[in-house]
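Work through the exercises below with the sequence and the model at hand. Try each task before reading its solution.

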Amino acid sequence: MNDRLKGTIWMCISALGMALMGATVKFIGSDISTFEKLFFRNLIGVVMLLFTMRGQNINIWGSSNRSRLFMVYRCVIGLTGAVLYFYCINKLYLADSALLNKLSPFFVTIFATLFLKEKLERHQIPILIVVLFGALLVIKPKFSFEMLPALAGFLSAIFAGGAYTLVRYLRTMEEPSTLVLWFSAFSMVGMIPPMLIQGFVVPSGVQLFYLILTGIFATVGQIGLAYAYKYALASEVSIYQYLSIIFSAIIGFMFWKEIPDTLSLIGGLIIIGAAIFNYRLSKK
């Protein structure tokens, strides 16, 4: 099995994990705060990672001061994006929230050009403009508090794009498991103060079950993403992230009878179409 196929498989696994994570977050309900959901998500992630990394010759503390500094940057940016995304999931249709979050590959393109000095192809500029237009159709700006969840989803994509750019920068310095462990541990500790300030709610048995599943699926998604970028170029595998939108739409319809409105459907088709077009040109 060549590296490109490995990267593709890992990205598909990541997409499914993220879609299932979004569903379990929605199942938990709004009486459990976003901070508490993220705490449990990352607590489960830390336990899973430490268990699976036992006996492996992996340096969990980082290979150098430079890489540790950039892993901290990645944790701060990624956690901010995760908070915004969990808020968005609770307020919007599952497919819409997944769609807005999956604008992140386009922001990876922008950030990689600005900070990693990767070349921005000529065809990518109009594609980015088209994608932003598609995002506006999903967000439907009203300049009122009603658009806050959609705006949060859009901002989560920007922060996720920054975090994934740092993952790409760190891919030759650290093992994927180390990157995910740092993010999970940092996020778990970082959520304790706001969780306690807002008020810790003792979850019911069903809610605890979904909180555990949230952590499992999120960890699978993070590991899949890290390994996908380890084995293949982003231009080769990033398109498969968009499977999570399809998975989320199917799950949202099955459990909540969610059907996105016409503008969201058009915006989603524009964004996915632009992603496919960019992928084909990047392959050439």
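The exercises that follow go from single helices to salt bridges, cores and the surface.

The model is predicted, so local features need pLDDT of at least 70 and side-chain atom pairs count only at pLDDT 80 or more, while totals for chains, interfaces and linings use all residues. Residues are numbered from 1 along each chain as its sequence is written, and side-chain values use heavy atoms, with hydrogens and water left out.

**Exercise 1. Helix α8**

Task: Check the span of helix α8 against the value expected at 1.5 Å a residue, then find which of its residues are buried.

Solution:
- Step 1. Helices are DSSP runs (H or I, at least four residues), numbered from the N terminus. Helix α8 covers residues 176–190, which is 15 residues.
- Step 2. The expected span is 1.5 Å times one less than the number of residues. For α8 this should give 21 Å, and the end C-alpha atoms are 21 Å apart, so the two agree.
- Step 3. Buried means under 20% relative accessible area, exposed over 50%, and partly exposed in between (1.4 Å probe, protein chains only). By this rule 11 of the 15 residues of α8 are buried. They are Pro176, Ser177, Thr178, Leu179, Val180, Leu181, Trp182, Phe183, Ser184, Ser187 and Met188.
- Step 4. The cover over these buried residues includes α2 (34–52), α3 (65–91), α7 (148–170), α9 (192–198) and α10 (205–231).
- Step 5. Take Ser177 of α8 as a case. Ser177 has a relative accessible area of 9% and is therefore buried. Contact means heavy atoms within 4.5 Å. Not counting residues up to four places away in sequence, Ser177 touches Leu49, Met53, Ile58 and Tyr227.

**Exercise 2. Helix α5 and Phe111**

Task: Describe helix α5, then state whether Phe111 is buried or exposed and what Phe111 touches.

Solution:
- Step 1. Helix α5 has 12 residues, and its first and last C-alpha atoms are 16 Å apart, close to the 16 Å expected.
- Step 2. Ser104, Pro105, Phe106, Phe107, Val108, Thr109, Phe111 and Ala112 are the buried residues here.
- Step 3. Phe111 lies in α5, residues 104–115. Its relative accessibility is 19%, so Phe111 counts as buried.
- Step 4. Leaving out residues up to four places away in sequence, Phe111 touches Leu116, Ile158, Gly161, Gly162 and Thr165.
- Step 5. After α5 comes Lys117, with a positive phi near 60°. Most residues other than glycine have a negative phi.

**Exercise 3. The loop between α12 and α13**

Task: Find the salt bridges that involve the loop between α12 and α13, and describe Lys257 in that loop.

Solution:
- Step 1. A salt bridge is a side-chain nitrogen of Lys or Arg within 4 Å of a carboxyl oxygen of Asp or Glu. The whole structure holds 2 of them.
- Step 2. One joins Lys26 and Glu258, at 3.7 Å from N to O. Lys26 is in helix α1 and Glu258 in the loop between α12 and α13, 232 residues apart. Both Lys26 and Glu258 are buried.
- Step 3. Another joins Lys140 and Asp261, with the closest N and O atoms 3.3 Å apart. Lys140 sits in the loop between α6 (124–139) and α7, whereas Asp261 is in the loop between α12 and α13, 121 residues away.
- Step 4. Lys140 counts as partly exposed because its relative accessibility is 21%. Asp261 is partly exposed too, at 36%.
- Step 5. Lys257 lies between α12 (243–256) and α13 (262–283). Lys257 has a positive phi of about 55° although it is not a glycine. With a relative accessible area of 58%, Lys257 is exposed.

**Exercise 4. Cores and a surface patch**

Task: Which residues of the largest nonpolar core touch the most other members, and which residues make the nonpolar surface patch?

Solution:
- Step 1. A nonpolar core is a set of buried Ala, Val, Leu, Ile, Met, Phe, Trp, Tyr and Cys residues joined through side-chain atoms within 4.5 Å.
- Step 2. The largest core has 68 residues, and Met21, Leu100, Leu103, Phe106, Val131, Tyr242 and Ile271 touch the most other members. Helix α3 gives the most to this core, with 9 residues.
- Step 3. Apart from this core lies another, of 9 residues, among them Leu225, Tyr229, Ala232 and Val237.
- Step 4. Patches are made of residues with over 30% relative accessible area and no salt bridge; like charges are joined within 9 Å, and nonpolar side chains (Val, Leu, Ile, Met, Phe, Trp, Tyr) within 5 Å. Accessible areas come from the Shrake-Rupley method with a 1.4 Å probe, and for residues only the protein chains shown count as cover.
- Step 5. Met1, Leu5, Ile9, Ile13 and Val220 make a nonpolar patch of about 420 Å². Helix α1 (residues 3–28) gives the most to the patch, with 3 residues.

Conventions
Helices (H or I, at least four residues) and strands (E, at least two) are DSSP runs, numbered from the N terminus.
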